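User: I would like to see how the terms used for a structure rest on definitions. Please take me through them.

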Amino acid sequence: MLSVGQNILTDLPWGQLLVNGLALGSLYALTAFGIVLIFKTTQVITFAQGETAMFSTFVAFTLLTAFQLPFAVAFVLTMLFAGVFGALIERVVIRRISTTTVLNPVIVTVGLSLILLGAAGWIWGYEIRTFPGPVDGSPFRLGTVVVSQLNALIFAVTLVLMAALFGFFRFNPTGIAMRAVAENRTAAQLMGISIGRMNALGWGMGTAMGAVTGMLIAPINYLDPSMMGDVALKAFAAAVVGGLTSLPGAVVGGLLLGIVDSVVGFEVPELRNTIAFALIVLVLVVRPGGLLGRHETKKV
Amino acid sequence: MSGPLLEIKGLTISFGGLVAVDGVDLSVNTGEIVGLIGPNGAGKTTVFNCISRFYEPLFGTIRFKDRDITRARSHEIIRFGIARTFQNVELCRSMTTLENLLVGEHAVMRGGAIRDGLRLRGVGADEARATARADEILDFLGLMGHRDSVVSTLPFRLQKLVELGRALVSHPGLLLLDEPSAGADHRESEGLADLVRRIRERFDLSVLVVEHDMSFVMGLCDRLYVLDFGRRIATGTPSDVRSNPVVIEAYLGEPEVEVSDA
Amino acid sequence: MTMHWLRTRGRAAAPYGLGLAAVLVIPPVLGVIPGVAPGYVLYLVSLGLIYAVVAIGLGILIGHTGQISLGHAGFFAIGAYASALLTLRMGLPFVVAVLVAGSLSGAIGFLLGLPALRLSGPYLAVATLGFGLAIPQLVVWQGSWTGGSSGLHGLPLASLPLGAFTIVFRTDQDYYYLAAAVLIVLTIFARNIVTSHTGRAFVAIRDSEIAARAMGVDLVRYKTTAFALSALYAGIAGALYAHLLHGISPEDFTVLLSVDFLTMIVLGGLGSVGGALSGALLLTFLQNALTRLPVVHDFKNLYIVVLGAILILTIAFLPRGLAGVMRSVRQRWAARVRHDAPRVDQIVELGEGSGVR
């Protein structure tokens with residue numbers, strides 16, 4: 001707790017806060033990445049990212065408990081499910097709405113999140129469950145800093161995914177096609193790229209990223225339909241701070257927000273959200289397009 | 001008022017590292033129709049946007065009616081007496097023709113939200129006066145038949161006219177026309193030039209017109225300024241400019257340009 | 001001024017007259033219907049009327065001025081808490097407390113409008129979202145004088161001093177008349193603004209900021225005014241809410257409430273004052289009716305799922321909301337009565353633009 005006379009520089013366990021913050025930030029980054037990916041390809045800002053992640057995590061839970069599958073298998077299967085689920089959502093719902101205003105996608109994705117929330121509650125109920133953790137060993141020690149096995153796994157997964165995605169968008173023809181669609185839809189269409197397929201792919205991948213976050217956070221946060229609420233909100237803000245048009249921005253935004261959240265959570269836990277959002281507003285006022293995003297000014 | 005109506009001196013505008021307008025001098029005297037021409041990308045619309053205060057100049061001054069407006073805010077310009085049209089028509093697409101013209105009178109209508117919300121004395125009269133003025137302009141431009149049409153349903157040609165009407169409605173002293181004949185064929189172009197002449201007479205104002213189409217300006221303008229790559233390369237009467245070798249060279253290689261007799 | 005006002009209203013006043021009549025007639029009618037607890041229904045209607053106040057203000061901000069706010073529950077909360085604290089802790093009279101609460105909310109709305117000048121679209125959405133989340137958190141943080149997470153209770157009854165005697169709004173029916181009266185006044189104010197040059201300036205900002213600036217609309221002034229106005233409405237509504245419930249707590253003002261407000265104006269139709277009103281009433285009715293449906297599984301789940309479905313279906317099939325439907329019906333009826341085929345620009349209008357009113 002923040003107290004008078006406390007020297008911020010020396011009295012805080014900065015090392016630990018940094019590590020915790022980066023772990024938390026990685027989760028924000030993964031979710032934010034999904035949000036930005038969906039936005040870049042389909043121009044839709046999804047408020048349903050948390051709920052799709054939650055729903056996928058419940059599916060994982062069923063695979064782990066009812067079917068007794070090993071974690072790695074359940075992990076991959078859930079990612080596949082999330083991918084298909086996301087693509088389906090895009091085809092059935094998103095494709096039918098006009099994206100000319102910001103408001104339409106907001107309302108629709110909020111509606112989606114409500115439906116998923118209700119459905120999850122109906123299928124699995126509202127009791128809080130424990131999610132079987134993927135790793136079960138003693139934490140690592142780096143000097144005075146403690147890194148739990150789960151945190152280590154989070155770092156590892158994030159790094160691997162980021163590397164894989166970086167490679168995908170850089171070298172894989174489909175990844176390049178997606179980037180083309182994000183830059184200039186019309187030109188991409190004229191080049192023979194199927195917008196519909198890219199949209200579905202974008203949503204699929206974005207939803208899958210959310211599922212990964214859900215499965216990594218459930219062991220800490222427990223499993224219930226409202227588990228992703230706070231994370232999704234923060235990830236959303238992180239995506240915006242990083243610049244909605246920038247994938248690396250989402251990662252940077254996520255990590256930064258994670259560290260801020262960790263520090264603030266240590267010092268003034270009652271004001272976590274307030275300070276986080278105050279900083280976000282500050283960043284946006286200074287850079288209206290986000291840290292790494294492009295601020296489009298209309299040509300007169 | 002001594003001196004020209006509009007006087008621009010040494011105007012320099014840059015974006016990042018690119019100098020779009022470089023030390024341009026320009027003036028419009030009361031009652032004149034002045035043309036600002038040059039090849040694509042010469043910086044003509046940029047000059048306009050600076051007069052409208054959408055862009056900040058790096059150097060230079062803009063004086064209108066002896067008042068320095070170089071640092072004025074964009075919404076004050078119309079109040080000084082300068083109204084403009086836009087190359088890409090900037091209408092309020094969800095509003096009707098009449099409503100768009102009424103927007104043009106925003107600067108002359110008094111009061112704010114509280115006055116309007118409570119419908120205090122004078123609000124109704126203001127509105128009636130504004131509507132009458134708008135109707136007068138609509139009548140002059142032959143747009144009465146589309147008075148209550150939502151402008152997004154109108155063809156481009158009519159939308160440009162509506163925008164012109166919106167600029168006229170505020171009794172401006174100077175009218176800035178940004179590529180008024182864009183998208184018009186030769187016959188429409190002539191009609192437009194004629195309309196501008198009639199507007200000058202009827203409403204007793206001056207005009208600065210940015211144009212890309214040489215034949216449009218030749219018959220219409222009293223004087224011309226020619227820009228190329230942001231610099232003023234020539235000035236004078238249309239016949240001076242037409243035979244100026246520097247101007248001809250600037251336009252050489254532009255397939256659509258016809259330096260023809262108006 | 002009043003006579004002139006009445007004369008010029010004329011035909012436009014007809015819907016208001018009808019509305020007024022409806023307001024007066026509802027309570028006695030309810031008393032006559034068997035099996036209905038009039039008190040509770042009036043309480044629900046009052047709630048709907050209070051939400052309608054928020055919706056109308058928010059509608060001007062989002063529908064007319066083209067801005068966005070995902071945090072209006074924050075202004076609602078400011079109004080509620082300000083009024084609650086002023087009446088409970090400082091013994092201020094109800095009317096004064098409501099006005100101060102509304103003004104405070106409006107002032108903060110003005111301040112929130114300032115960063116909004118730089119932001120738009122999703123960025124503005126997130127900024128306002130943050131505001132809405134921060135307010136209840138700040139209330140809990142300063143729990144020592146705001147009542148913290150347990151909230152404030154036992155608020156004094158609403159009362160209106162009139163010279164020698166005072167009207168005290170004791171019953172649900174009394175409060176219903178209070179809420180209706182406030183709504184009517186604020187609706188008239190909103191309609192006046194929307195049909196005036198201020199309203200046109202708002203729409204100009206939405207349709208083309210460039211044109212607005214070139215035609216003399218001061219963006220700073222008008223954007224902050226739009227925010228302040230919507231915040232004022234939400235603040236007054238919040239104050240009324242606090243006294244309707246006789247108590248409030250931070251959990252009353254979540255993100256879901258902000259989403260509810262958005263849903264009301266989308267359902268009712270953006271850009272329409274009448275739409276905001278009907279959207280608010282409809283949603284309040286739906287929310288309460290749905291939780292009552294006899295279903296085998298939890299009421300809670302079904303209500304959430306149906307609400308979500310309504311949101312999606314409205315955007316997909318009724319993008320202009322109820323007001324849009326009414327407009328189409330009216331135009332088709334008018335065309336039929338005149339024995340015309342609908343004019344080309346009318347048909348296009350049905351799909352294009354949302355008009356100024």
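User: What makes something a helix or a strand in chain C, and how many of each are there?
Analyst: Helices are DSSP runs of H or I with at least four residues, strands are runs of E with at least two, and both are numbered from the N terminus. Chain C has 16 helices and four strands by this count. The model is predicted, so local features need pLDDT of at least 70 and side-chain atom pairs pLDDT 80 or more, while totals for chains, interfaces and linings use all residues. Residues are numbered from 1 along each chain as its sequence is written, and chains are lettered from A and ligands numbered from 1 in the order in which they are written.

User: Why are β2(C) and β3(C) called paired?
Analyst: Two strands pair if DSSP finds at least two bridges between them. Strand β2 (residues 158–162) and strand β3 (residues 165–169) of chain C are joined by five bridges, therefore they pair; they run antiparallel. C:Pro161 stands opposite C:Thr166 in β3(C). Two residues lie between the strands of this hairpin, where C:Gly163 has a positive phi near 65°.

User: What makes residues of chain C and chain A count as being in contact?
Analyst: Their C-beta atoms, placed from the backbone, must lie within 7 Å. The contact takes 35 residues from chain C and 37 residues from chain A. On the side of chain C that touches chain A, α6(C) gives the most, with 13 residues.

Terms used: Two residues are in contact if their C-beta atoms, placed from the backbone, lie within 7 Å.
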